[in-house]
Amino acid sequence: MKLDQKKNIVQDLHEKFLKKKVLIVTDYKGLRVESLNSLRRKLREAGIEYQVVKNTLLRRASTETDVALIQDRFKGPSAIALSYVDPVAPAKVLTQFAKENEKLELRVGVMDGKVIDVNAIKALANLPPREILLSQLLSVMNAVPTSFVRVLSAVPSGLLNVLQAFKAKKEEATG
């Protein structure tokens, strides 16, 4: 590979690292070509970019980005999964694929300027889909005003009950 090509790859990766929501580093050593192509297809369908890149190029591209936090983890055969929209999708696809193919090893990731380890990646993968999370949030947000209205409506009815009890007591005393 010529120096100009390497510079272009580093520049391209650097820009991707700045735009990404999440980056997950995997070790693909031992995966057959068919399995790797299957993984790429699944990731592409989910809108995730998956690249095999030389570690020296990854280190150079990661300078002045939050990916620099994991520079020391770029060892051996490395492939990166990048998502620009959904930070949960790559974790789901990669974790599921790693269950089916023991040769794929999840190493480390970066999300929102923080390093995420394998356990955090698996925890991300176990999150419910975005639509369910949004519906749960909506139900919680809806519960607060509903409870508030119930409390407010209880005040007049409570006052009415007190007045009726007072009236009944007066009638009993006069009657």
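At what angle do α4 and α5 pack, and how far apart are their axes? I put this to the predicted model and found an angle of about 105°, with the axes 8 Å apart. Since angles of 65 to 115 degrees count as roughly perpendicular, that makes α4 roughly perpendicular to α5.

I then looked up which residues meet there, and noted Ala 91, Lys 92 and Thr 95 on the α4 side, with Ile 121, Lys 122, Leu 124 and Ala 125 on the α5 side. By type, the residues of this contact divide into 4 nonpolar, 1 polar and 2 charged.

Next I turned to α2 and α4, whose axes come within 10 Å and cross at roughly 155°. That angle makes α2 roughly antiparallel to α4, and I recorded the crossing as right-handed. Here Ser 35, Ser 38, Leu 39, Lys 42 and Leu 43 of α2 meet Val 93, Leu 94, Phe 97 and Glu 100 of α4, a contact whose residues divide into 5 nonpolar, 2 polar and 2 charged.

My last search was for nonpolar cores. The largest has 24 residues, and those with the most contacts inside it are Ile 24, Leu 39, Leu 43, Tyr 50, Leu 94 and Leu 104. At least two residues of this core come from each of β1, α2, β3, α4, β4 and α5, and the largest share, 6 residues, comes from α4.

I followed Tyr 50 further and found that, leaving aside residues up to four places away in sequence, its contacts include Leu 39 and Leu 43, as well as Leu 94 and Leu 104. I also noted a second, separate core of 16 residues, with Val 25, Leu 57, Ala 61 and Phe 74 among them.

How values were computed. Residues are numbered from 1 along each chain as its sequence is written. This is a predicted model: local features need pLDDT of at least 70, side-chain atom pairs count only at pLDDT 80 or more; totals for chains, interfaces and linings use all residues. Side-chain values use heavy atoms; hydrogens and water are left out. A nonpolar core is a set of buried Ala, Val, Leu, Ile, Met, Phe, Trp, Tyr and Cys residues joined through side-chain atoms within 4.5 Å. Buried means under 20% relative accessible area, exposed over 50%, partly exposed in between (1.4 Å probe, protein chains only). Helices (H or I, at least four residues) and strands (E, at least two) are DSSP runs, numbered from the N terminus. Contact means heavy atoms within 4.5 Å. Axes are lines fitted to C-alpha atoms, for helices over the stretch in contact, and angles run from 0 to 180 degrees between N-to-C directions. Angles under 35 degrees count as roughly parallel, over 145 as roughly antiparallel, 65 to 115 as roughly perpendicular and the rest as oblique. Ala, Val, Leu, Ile, Met, Phe, Trp, Tyr, Cys and Pro count as nonpolar, Asp, Glu, Lys and Arg as charged, and the others, Gly among them, as polar. A crossing is left-handed if the near helix is turned anticlockwise from the far one by less than a right angle, and right-handed if clockwise.
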